[in-house]
Amino acid sequence: MFEEQLAKKVDICNEIIRECRNELYLNLRFLDVALHSLALQPSIELGRTATDGEILRYNPEFLMEHYRSGSSLANRCYLHSIFHCLMGHIWNPRGDEDKQLWDLACDIAVESVIDGLPCRCLRVAPKPYRRAVYQGLEKKLSVLNGEGIFWVLQNARPDIRVVARLIQEFAVDEHSLWRQQRTAKAPMEQQNRWKDIRDRMETELETFSKEAAKDAQGLKEQLHVENRERYDYREFLKKFCVWKEEMKVDLDSFDYIFYHYGMELYGNMPLIEHLETQEIQRIEDFVIVIDTSMSCKMGLVQKFLEETYGILSQSQSFYRKFCIHIIQCDENVQSDVVIRNKQELQSYMEQFELKGLGGTDFRPAFEYVSTLLAKKTFHKLRGLIYFTDGYGAFPLKKPPFDTAFVFFQGDYLDVDVPPWAMKLILDERELGQTVDIVR
């Protein structure tokens, strides 16, 4: 008897979810693949719904009760889990730092997107408390994505009663399956599948569905944030290294078999010996330009320089002889300090002082570096990194060295740079961790 009743409830729930998919597709056609990417599985052990990126598990009683209260609630519940998968919340390692705050941050991020979609099938009565939470977050973040909200919550250290109130307001599904996925041996296939869906969706919103993109701006911005390519800053600096031979015994290239064979065959004459030089990749000549315009924040510049100093001061980062120019520039070149050893680099950091505070113009720094090149100041200049926090005039021609612009801002939206330059978007909470790079 119980099994028959459960089977009838499962049939009803499957029909409810089919109705949700159809209604959401009619209003949000760019979600077509995502809406049909989760298999369905009933579970009386759950109190609500839950997903691991492959299966949507649901409690039949919960889903039917939601649907009785209105199809909008059922639609929002289903779409909530879909957005968790799209944004990669399930597999993000930040969930291991503080599970409760991470779960809450992801729920707020997803609900902010759903609340921003102008669809009748998702409409519920707006709540003043929810609007107040969004407004407070928007003062600190330009995009209400999971990682950004998590950072804000961590810094705010809200009272347990505030956290409980936020969970009551924004929690929709259960996240019990997320930790299992993060500790699984091979979740990459699911991550890559959802990443492909996310990539295609962002492309469609930028090309074929521009009208829909206007109505789904919050979703588009979060997709753009999640689709950023991420690099470790230490690895990124290797792009500006050059290969060169140094006097050093290369044990990696030594073959003990030939050495031993020669010693046995000829007595005391090996057939192969250690190489006396080794080809290594390190920084030789380098330029760092700091935007010192009025809008530039001294604290962020100092923090980034400290992180850069921590990396560059390591002995394995440089050759014995190197030349780093640290240039400060607003609309004019204000100073140029040449660093030739680690001691000078440390001294510069201790006595650093911001000079300028004028407008923003990138061209004077490039013209100045071109002058140095003409004077043969550099032995082999590989690259230039320009730290800035805003917009300015770029050089018209590509310089004869690699260039990267690092934007100090919480704004994840595109800032146009010339096609020959790399663009990195870095904000305060990512210092010392990873940067996002765009070609």
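In this predicted model, helix α5 meets helix α7 through Leu101, Trp102, Leu104, Ala105, Ile108 and Ala109. The α7 side supplies Gly146, Glu147, Ile149, Phe150, Leu153 and Gln154. By class, the residues of this contact divide into 9 nonpolar, 2 polar and 1 charged. The two axes come within 8 Å and cross at roughly 130°. That angle is over 115 but not over 145 degrees, so α5 counts as oblique to α7. The crossing is right-handed.

A second helix pair is α6 with α8. Here the axes come within 11 Å and cross at roughly 110°. This value falls in the 65 to 115 degree range, and the helices are therefore roughly perpendicular to each other. α6 passes α8 in a left-handed crossing. From α6, the contact takes Tyr129, Arg130, Val133 and Tyr134. From α8 come Val162, Arg165, Leu166, Glu169 and Phe170. These residues divide into 6 nonpolar, no polar and 3 charged.

The two pairs, side by side:

| Helix pair | Residue ranges | Axes come within | Crossing angle |
|---|---|---|---|
| α5 and α7 | 99-115 and 146-156 | 8 Å | roughly 130° |
| α6 and α8 | 128-138 and 160-170 | 11 Å | roughly 110° |

Helix α5 also holds Val110. Is Val110 buried or exposed? Its relative accessibility is 1%, under the 20% cut-off, so Val110 counts as buried. Leaving aside residues up to four places away in sequence, Val110 touches His80, Phe83, His84 and His89. Phe83 lies 27 residues from Val110 along the chain, yet their C-alpha atoms are separated by 6.3 Å.

Phe83 appears again in the largest nonpolar core. In soluble globular proteins, nonpolar side chains tend to be buried together. The largest core in this model has 59 residues. Which of them touch the most other members? They are Leu31, Leu79, Phe83 and Met201. α5 gives the most to this core, with 10 residues.

Leu79 has a long contact list. Not counting residues up to four places away in sequence, Leu79 touches Leu24, Leu28, Leu31 and Leu35, and also Ile114, Leu117 and Leu122. One of these partners, Leu31, is itself among the core members that touch the most others.

There is also a second, separate core, of 20 residues. Its members include Phe286, Ile290, Ile339 and Val406.

Notes: Residues numbered from 1 in each chain as written. Predicted model: local features only at pLDDT ≥ 70, side-chain atom pairs only at ≥ 80, totals over all residues. Heavy atoms only, no water. Axes fitted to C-alpha atoms, helices over the stretch in contact; angles between N-to-C directions. Helix = DSSP H or I, 4+ residues; strand = E, 2+ residues; numbered from the N terminus. Parallel < 35°, antiparallel > 145°, perpendicular 65-115°, else oblique. Left-handed = near helix turned anticlockwise from the far one by under 90°. Contact = heavy atoms within 4.5 Å. Nonpolar A, V, L, I, M, F, W, Y, C, P; charged D, E, K, R; others polar. Buried < 20%, exposed > 50% of the residue type's maximum accessible area, 1.4 Å probe, protein only. Core = buried A, V, L, I, M, F, W, Y, C linked by side-chain atoms within 4.5 Å.
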